[in-house]
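Here are some notes on the model you sent, set out as numbered points. Please read them with the structure open beside you.

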Amino acid sequence: MSITVFRDSNYRGQQQTFSGEVANLRNVGMNDAISSLRMGRGDRWEVCEDANFRGRCEVISGDERDLQARRLNDRISSLRPVVGRR
């Protein structure tokens with residue numbers, strides 16, 4: 001299970017791939033800087049506006065070419081895979 005995040009929409013710009021939780025994206029230089037993301041088929045990830053999985057969180061279950069529609073563009077500060085029940 002992995003997720004690749006991109007600084008710009010349409011899967012462009014700086015990118016980083018994660019396979020586990022990141023409690024604070026500031027530590028990897030991507031805090032409030034993600035505009036699109038891709039993940040493996042069937043994967044689900046929880047993304048949160050604040051570090052340590054606080055604030056508004058959403059579970060995303062597919063690629064997102066522009067996070068503006070979800071009001072998450074440049075707002076994600078933590079993320080983690082969702083495991084267990086679907």
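1. A residue is called buried under 20% relative accessible area, exposed over 50%, and partly exposed in between. On that scale aspartate 32, with a relative accessibility of 36%, is partly exposed; its place is the loop that runs between β2 (12–18) and β3 (36–39). Please keep in mind throughout that this is a predicted model.

2. Aspartate 32 belongs to a surface patch of negative charge, in which Asp8, Asp32, Asp50 and Asp74 gather. Aspartate 74 deserves a second look, since this residue has a positive phi of about 55° although it is not a glycine; aspartate 74 is found in the loop between β5 (54–60) and β6 (78–81) and is partly exposed, at 35% relative accessible area.

3. A positive phi also occurs at tyrosine 11, again not a glycine, where the angle is about 60°. Tyrosine 11 sits in the loop between β1 (3–8) and β2, and with a relative accessible area of 15% this residue counts as buried.

4. The structure holds one disulfide, formed by cysteine 48 and cysteine 57, whose sulfur atoms are 2.1 Å apart. The torsion about the S-S bond is about 110°, so the disulfide is right-handed. As for the two partners, cysteine 48 is buried, with a relative accessible area of 0%, whereas cysteine 57 is partly exposed at 28%.

5. Which side chains meet in salt bridges, of which the structure holds seven? One of the pairs is aspartate 63 with arginine 38, at 3.9 Å from N to O, and this pair links distant parts of the chain, 25 residues apart, with aspartate 63 in the loop between β5 and β6 and arginine 38 in strand β3. Aspartate 63 is partly exposed at 41% relative accessibility, and arginine 38 is likewise partly exposed, with a relative accessible area of 39%.

6. Another salt bridge joins glutamate 46 to arginine 80, with the closest N and O atoms 2.6 Å apart. Because glutamate 46 lies in strand β4 (residues 45–50) and arginine 80 in strand β6, the pair ties together parts that are 34 residues apart in sequence. Glutamate 46 counts as buried at 17% relative accessibility, while arginine 80 is partly exposed at 27%.

7. Finally, a network of salt bridges links Glu49, Arg56, Glu58, Glu64, Arg70 and Arg75. Within this group, the side chains of glutamate 64 and arginine 70 meet at 2.9 Å, N to O; glutamate 64 is buried at 16% relative accessibility, and arginine 70 is partly exposed, with a relative accessible area of 25%.

Technical notes: Residues are numbered from 1 along each chain as its sequence is written. This is a predicted model: local features need pLDDT of at least 70, side-chain atom pairs count only at pLDDT 80 or more; totals for chains, interfaces and linings use all residues. Side-chain values use heavy atoms; hydrogens and water are left out. Patches are made of residues with over 30% relative accessible area and no salt bridge: like charges are joined within 9 Å, nonpolar side chains (Val, Leu, Ile, Met, Phe, Trp, Tyr) within 5 Å. Accessible areas come from the Shrake-Rupley method with a 1.4 Å probe; for residues, only the protein chains shown count as cover. A salt bridge is a side-chain nitrogen of Lys or Arg within 4 Å of a carboxyl oxygen of Asp or Glu. Lys and Arg count as positive and Asp and Glu as negative; His and the chain ends are not counted. The place of a charge is taken as NZ of Lys, CZ of Arg, CG of Asp or CD of Glu. Helices (H or I, at least four residues) and strands (E, at least two) are DSSP runs, numbered from the N terminus. Buried means under 20% relative accessible area, exposed over 50%, partly exposed in between (1.4 Å probe, protein chains only). A disulfide is a pair of cysteine sulfur atoms within 2.5 Å.
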